[in-house]
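User: Please take a close look at one helix in this model. I would like to know how it packs against its neighbours.

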Amino acid sequence: VQLNDINQYHFNLNPLTNPTYICAIAKSGMDIIVLIFGFILMLVGIAGSFLPVLPGPPISWLGLLLLYLTKAVPNDWILLTATFAIAVVVVVLDYIIPAVGTKKFGGTKAGMIGTTIGLLVAIFFPILGFLGIIAWPFLGALIGELMNRANGKTALRAAFGSFMGFLTGTLVKFVVTVVYLGLFIHKAWEYKETFFPFLNGK
């Protein structure tokens with residue numbers, strides 16, 4: 001066996017110099033970028049469960065779509081169609097549920113606006129910690145109803161209705177986006193060796 005053959009053998013065994021390995025890394029580079037961007041969308045979608053300006057479930061669904069558009073993960077249009085339909089239904093319910101809750105307890109638009117402002121205060125000024133996610137929206141709803149009504153008892157009841165409608169809609173969006181994140185992580189982990197060839201060990 002010649003020295004050059006031995007050197008070539010070790011050259012091919014080295015992952016950093018193996019042409020096949022390098023080619024696999026190059027091909028997976030774009031998939032990794034798409035994977036990271038999709039994961040960011042999943043996190044933004046969860047944040048959108050609490051922020052009215054961001055449609056949480058549709059954004060999370062886009063993250064799932066990006067995952068399945070990579071070459072590493074096989075297409076599953078049945079799952080994508082089902083999750084898209086759920087995202088659309090949740091968006092529609094997000095408008096219906098708060099309105100029903102507000103109407104049932106005699107709430108007004110002022111209470112809903114106060115709830116939203118209270119939530120923003122809880123997020124950007126977490127004075128009460130996690131408890132603030134509940135306390136500030138309710139307090140905002142109460143202030144909004146008090147500004148709109150003279151009767152304190154009626155305002156309290158209406159504020160409760162506005163808050164419950166908001167809380168229910170938020171909970172539904174949060175659960176859906178977390179489930180989507182779970183699907184994303186599960187599928188990405190299943191094909192981790194395709195995304196990251198160096199984990200294959202071959």
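Analyst: What follows is a walk around helix 6 and its two contacts with other helices.

The model is predicted. Helix 6 covers residues 132–148. Its length checks out: at 1.5 Å a residue, its 17 residues should span 24 Å, and the end C-alpha atoms lie 23 Å apart, which agrees.

Which residues of helix 6 are buried? They are Gly132, Pro137, Gly140, Ala141, Leu142, Gly144 and Glu145. Their cover includes helix 5 (109–124) and helix 7.

Take helix 5 to begin with. Helix 5 and helix 6 pack at about 145 degrees, and their axes are 6 Å apart. The crossing is right-handed. Helix 5 contributes Ala110, Gly111, Gly114, Thr115, Gly118, Leu119, Val121 and Ala122. From helix 6 come Gly132, Ile133, Trp136, Pro137, Gly140, Ala141, Gly144, Glu145 and Asn148. By class, this contact of helix 5 with helix 6 holds eight nonpolar, eight polar and one charged residues.

Now helix 7, residues 152–190. The axes of helix 6 and helix 7 come within 8 Å and cross at roughly 135 degrees. That makes helix 6 oblique to helix 7. This crossing, too, is right-handed. On the helix 6 side, the contact uses Ile134, Pro137, Phe138, Ala141, Leu142, Glu145 and Leu146. Among their partners in helix 7 are Gly152, Ala155, Leu156, Phe160, Phe163 and Phe166. By class, the contact of helix 6 with helix 7 has 13 nonpolar, two polar and one charged residues.

Pro137, Ala141 and Glu145 of helix 6 appear in the contact with helix 5 and in the contact with helix 7. These three residues are also among the buried ones.

Conventions: Residues are numbered from 1 along each chain as its sequence is written. This is a predicted model: local features need pLDDT of at least 70, side-chain atom pairs count only at pLDDT 80 or more; totals for chains, interfaces and linings use all residues. Side-chain values use heavy atoms; hydrogens and water are left out. Axes are lines fitted to C-alpha atoms, for helices over the stretch in contact, and angles run from 0 to 180 degrees between N-to-C directions. Helices (H or I, at least four residues) and strands (E, at least two) are DSSP runs, numbered from the N terminus. Angles under 35 degrees count as roughly parallel, over 145 as roughly antiparallel, 65 to 115 as roughly perpendicular and the rest as oblique. A crossing is left-handed if the near helix is turned anticlockwise from the far one by less than a right angle, and right-handed if clockwise. Contact means heavy atoms within 4.5 Å. Ala, Val, Leu, Ile, Met, Phe, Trp, Tyr, Cys and Pro count as nonpolar, Asp, Glu, Lys and Arg as charged, and the others, Gly among them, as polar. The expected span of a helix is 1.5 Å times one less than its number of residues. Buried means under 20% relative accessible area, exposed over 50%, partly exposed in between (1.4 Å probe, protein chains only).
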